[in-house]
Amino acid sequence: MTNFVITVPGTFGTDITDSTRSALESALASQHTDVSESEGLDLLTLNEDGTFSVRLEVEARDRYEAELNASRILSAALRKAGIEASDAPLGPPAVTGIDSDL
């Protein structure tokens with residue numbers, strides 16, 4: 001298995017309060033570990049125009065599985081934070097880091 005850092009972009013269709021942002025970051029905190037933290041990557045970047053990007057660390061066999069898992073994790077975290085999928089459409093995930101013992 002390999003640890004991948006996956007970046008998932010998206011756009012908030014509604015304003016996000018500080019408490020909603022905190023709830024989202026809390027729901028994702030377990031996916032922001034050694035690789036992403038050591039590289040100084042922010043878990044959530046929110047831009048003034050409502051676009052955002054989330055960087056998650058995911059363990060998977062390959063990049064395809066890692067990207068799918070990251071999208072699923074982010075979608076679940078958005079729901080947990082009270083954000084409907086229609087209010088935060090996601091873009092295509094991308095591998096932005098890899099840590100392997102190979």
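**View A. N69 sits in helix α3.** This is a predicted model, and our starting point is N69, one residue of α3. Is N69 buried or exposed? Its relative accessibility is 19%, and the cut-off for buried is under 20%, so N69 counts as buried. Leaving aside residues up to four places away in sequence, N69 touches V58, E59 and A60.

**View B. Helix α3 lies across β1, β3 and β4.** Now follow the helix that holds N69. Against β3, α3 runs at about 125 degrees. The other helix to look for here is α1, which lies across β2 and β3. Its direction is about 155 degrees to that of β2.

**View C. Helices α1 and α3 cross at roughly 140 degrees.** Their axes come within 8 Å. Angles over 145 degrees would count as roughly antiparallel and 65 to 115 as roughly perpendicular, so α1 is oblique to α3. The crossing of these two helices is right-handed. Which residues make the contact? From α1 come L24, A27 and L28, and from α3 come I73, L74, A77, L78 and K80.

**View D. Four strands line up as an open sheet in the order β2-β3-β1-β4.** The pairing is antiparallel. β2 (44-46) and β4 are the edge strands, each with a single partner, so one side of each has no neighbour in the sheet. From one strand to the next, the twist averages 20 degrees. As general background, strands of a sheet pair through backbone hydrogen bonds.

**View E. Strand β1 pairs with β3 and with β4.** How many bridges join β1 to β3? There are 10, and the two strands run antiparallel. One spot to find is N3, which stands opposite E59 in β3. With β4 (residues 94-99), β1 shares 5 bridges, and this pair also runs antiparallel. β1 is mostly covered, with 7 of its 10 residues buried.

**View F. I6 has V95 of β4 as its bridge partner.** Zoom in on I6 and you'll find plenty to label. Not counting residues up to four places away in sequence, I6 touches V54, R55, L56, V58, A66, E67, A70, P93, A94, V95 and T96. I6 also belongs to the largest nonpolar core, and it is one of the members that touch the most others.

**View G. The largest nonpolar core holds 22 residues.** Besides I6, the members touching the most others are L24, L28, L56 and L74. Which elements give two or more residues to this core? They are β1 (2-11), α1 (18-28), β3 (51-60) and α3 (63-80). L24, L28 and L74 may look familiar: they are also part of the contact between α1 and α3. In general, nonpolar side chains of soluble globular proteins tend to be buried together.

**View H. Stepping back, the protein has 3 helices and 4 strands.** Starting at the N terminus, the elements run β-α-α-β-β-α-β. The protein has 102 residues, and 39% of them count as buried. Among contacts with a separation of 6 or more, 72% are between residues 24 or more positions apart.

Notes. Residues are numbered from 1 along each chain as its sequence is written. This is a predicted model: local features need pLDDT of at least 70, side-chain atom pairs count only at pLDDT 80 or more; totals for chains, interfaces and linings use all residues. Side-chain values use heavy atoms; hydrogens and water are left out. A nonpolar core is a set of buried Ala, Val, Leu, Ile, Met, Phe, Trp, Tyr and Cys residues joined through side-chain atoms within 4.5 Å. Buried means under 20% relative accessible area, exposed over 50%, partly exposed in between (1.4 Å probe, protein chains only). Contact means heavy atoms within 4.5 Å. Two strands pair if DSSP finds at least two bridges between them. Axes are lines fitted to C-alpha atoms, for helices over the stretch in contact, and angles run from 0 to 180 degrees between N-to-C directions. Angles under 35 degrees count as roughly parallel, over 145 as roughly antiparallel, 65 to 115 as roughly perpendicular and the rest as oblique. A crossing is left-handed if the near helix is turned anticlockwise from the far one by less than a right angle, and right-handed if clockwise.
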